[in-house]
Amino acid sequence: FINPMGEDKSKPTQIWTQGETEANSAWMVTIDKPNQKSTEEITMTVPDKYVTLSNGLLISKKKNADGSRTDYWKMDLPHAPYLFFMGVGDYSITKDTYKGKEVSYYVEKEYAPYARGIFGNTPEMIKFFSEKTGVDFPWAKYAQIVGRDYVSGAMENTTATLHQESAYQNGRQLTDGNAWEETIAHELFHQWFGDYVTAESWSNITVNESFANYSEYLWDEYKYGKDYADAHHSEDMQGYLQSGSEKKDLVRYYYSNKEDVFDAVSYNKGGAILHMLRNYVGDDAFFKSLNNYLTTNKFKAGEAGQLRLAFEEVTGKDMNWFWNQWYYGNGHPKLKIDYNYDIPGMAGVAEVVIQQTQKTGKIFTLPIAVDVYTNGTAKRYNVWIKNQTDTFYFNVTSKPELINVDADKILLAEKTDNKSDENYINQFKYAKNYLDRKEALDYFAKKNMPEIAKGLHDKFSKLKINTIQKISSSPYKADPVVLSDIEEMAKKDNNKKVKAAAINYLVKTGNTKYLPIYQAAINDSSYSVAGAGLKGLSALDSSNAYIQAKKYSTDARGTLGNEVNRILIANGTEADFDFIANSYNTAAPSEEKIGMTEKFAGFLLKVNDVTRLKKGIDYIMNFRNLIPAQYRSYVDPSFKVGFDKLSAAKGAEIDAYIKSVFK
Ligand SMILES: [Zn+2]
């Protein structure tokens, strides 16, 4: 129940439920396990001004004598109890369709103009996923609703997905790209993997989450190209590698808490495993196997074993080795790759030695492609890594320009790849994948090689941005050609994020000749570009920055919002309290806001009025109390730093007040 009595004037009254894992049995009688399935009817009686949302279709609405209204929702296909949902609030509903079925978006009225900007690709996604799986969208409708103070990212309730407030973006934010699109794809794909066929147990949650995770790749690849999808996939893989989960099995029969399985192993690693599986069996067999799993187990539960049987039936291959290694095992390979040529007595032969250096004693079996380049053309070899050390010999007519191990860049592994400078130069020149180019550019940056500048002309925006950031700490940062290339990007690049990165680069030079670029940027529709422009203006003319920040503060989010806040907090006085406190309080809960909290607490040191100080402290606590209890041990220390300074500076009354609220 969000603001049920309407006492908080800054927040609407809403209701949302969250079932997963076993919370729906708190409000209905059910056997609350994911392997249960049933149809469902829900009636909700609400004040007439509110709309309701539940699973299936709204069958009837009846106005009652007391001014309330009773809505009757019916779901006539079986699904699991954790997917049952109720949502209530003062929402605007925007409607699209897919093959005559309603596709709707429930947003607060302020966001109604942007509902299609945020969710409008949903019908195309439904079509795309229906075609990929060969199972046409199985449910009667698909609705998405945004709930206040919803602390999980989003939830795939059957036909009624709930999103957190981060889904809300206005037109200017959408100019920088829809930050929520992959989540929209993720929850939608759960309508097949999760809702149509449901993980048999929490131990098997990966058969829901790995597919939802991988759907982000599939959608990105189809809609924005392979580079874009590969970049997203690579970030997800880093998320797993940095999570310290090497000892956790993908299918986990032993856990201390069922919530623990919702982690980087079930999601990110699961998605990376599906990506390797797709590469191994090929696209036709991969998507046929998904179809087989979905149709064989529809309206029932499935586990990793059923997924293996589907792949075996379609491919005719035994897949036990793959499942034992990845699904019922843990860890990932750490590969050391060395290259030799001119071996005595072995003329015309290039040697590649691949060692598995993980200390776990587990040796991985990895089918991979190796591309051997001579004279700019590649010859492909498909090989298996199977031993602690594998040595491969390739016949060549001359010294290879590059031997590209894992040429499709699909491996979930950590690599020490001992290529030469020349090899990486050729890799950037010839090899096509995002990671081929990224690895080469990272190497150029690490070795301070001038080739790093080639990344400024890459066809992919994220690699351009990556290059701009890397060059700024390289010996080539003041190179006239580099500077003029980046100046062009700052003026003209079509991608707003590239443009913003280029402007940020120019700001660091401190050169006043770029002032007109900043002045033009500050009025850009993109908050990233405008924020970079304001940063440039404030760096060159700090006395004017405060006036500028106030001027642009009426519509400032994202990077522009951060920049405005930074300037106001640094230069503001007690007279600016209302404005600064309000912009802090209304900033959406996020990781960024934790950093902003420390700065806001720093600003409060300039405030002397006790009522204002308490209000500021209340705003900080409003945010802190939204953070779920289990995460507070991580974030409370940063809150404490700010509070301790206030306690020390503002005397006994404030000290006592902080002690009474911050517990
Ligand atoms: Zn999910």
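## Exercises on a predicted model

In this predicted model, a salt bridge with an N to O distance of 2.8 Å connects the side chains of Lys470 and Asp442.

**Exercise 1.** Determine which helices the salt bridge between Lys470 and Asp442 links, and classify the accessibility of each partner.

*Solution.* Step one locates the residues: Lys470 belongs to helix α13 (residues 461–471) and Asp442 to helix α12 (residues 434–446). The partners are 28 residues apart, and the pair links distant parts of the chain. Step two takes the accessible areas. Lys470 has a relative accessible area of 28% and is therefore partly exposed. Asp442, at 23% relative accessibility, also counts as partly exposed, because the buried class ends under 20% and the exposed class begins over 50%.

**Exercise 2.** Locate the salt bridge between Glu563 and Arg566, and state whether Glu563 is buried or exposed.

*Solution.* The side chains meet at 2.7 Å, N to O. Both residues lie in helix α19 (residues 558–571), three residues apart, which is about one turn of the helix. Glu563 has a relative accessible area of 7%, so this residue is buried. Arg566, at 38%, counts as partly exposed.

**Exercise 3.** Describe the open sheet that contains β14 and β20, beginning with the order of its strands.

*Solution.* The four strands follow the order β18-β15-β14-β20, with mixed pairing. The edges are β18 (389–395) and β20 (414–417), each of which pairs on one side only. On average, neighbouring strands of this sheet are turned by 20° against each other, direction ignored. The next step examines one pairing: β14 (residues 334–340) and β20 run parallel and are joined by four bridges. Within this pairing, Leu335 has Lys415 of β20 as its bridge partner.

**Exercise 4.** Identify the buried residues of helix α20 (residues 577–586) and decide how they are distributed around its axis.

*Solution.* The buried residues are Phe577, Ile580, Ala581, Ser583 and Tyr584. They span an arc of only 165° around the axis, and therefore lie on the same side of α20. Asp578 and Thr586 are exposed on the other side of the helix.

**Exercise 5.** Name the residues of the nonpolar surface patch that includes Tyr253, and place Tyr253 in the chain.

*Solution.* Tyr253, Tyr254 and Tyr328 make the patch, which has an area of about 410 Å². Tyr253 is in the loop between α6 (226–241) and α7 (265–281). Its relative accessible area is 48%, so Tyr253 is classed as partly exposed.

Methods
Residues numbered from 1 in each chain as written. Predicted model: local features only at pLDDT ≥ 70, side-chain atom pairs only at ≥ 80, totals over all residues. Heavy atoms only, no water. Patch = residues over 30% accessible without salt bridge, like charges linked within 9 Å, V, L, I, M, F, W, Y side chains within 5 Å. Areas by Shrake-Rupley, 256 points an atom, 1.4 Å probe, with all protein chains shown as cover. Salt bridge = Lys/Arg side-chain N within 4 Å of Asp/Glu carboxyl O. Helix = DSSP H or I, 4+ residues; strand = E, 2+ residues; numbered from the N terminus. Buried < 20%, exposed > 50% of the residue type's maximum accessible area, 1.4 Å probe, protein only. Pairing = 2+ DSSP bridges. Axes fitted to C-alpha atoms, helices over the stretch in contact; angles between N-to-C directions. Arc of directions from axis to C-beta.
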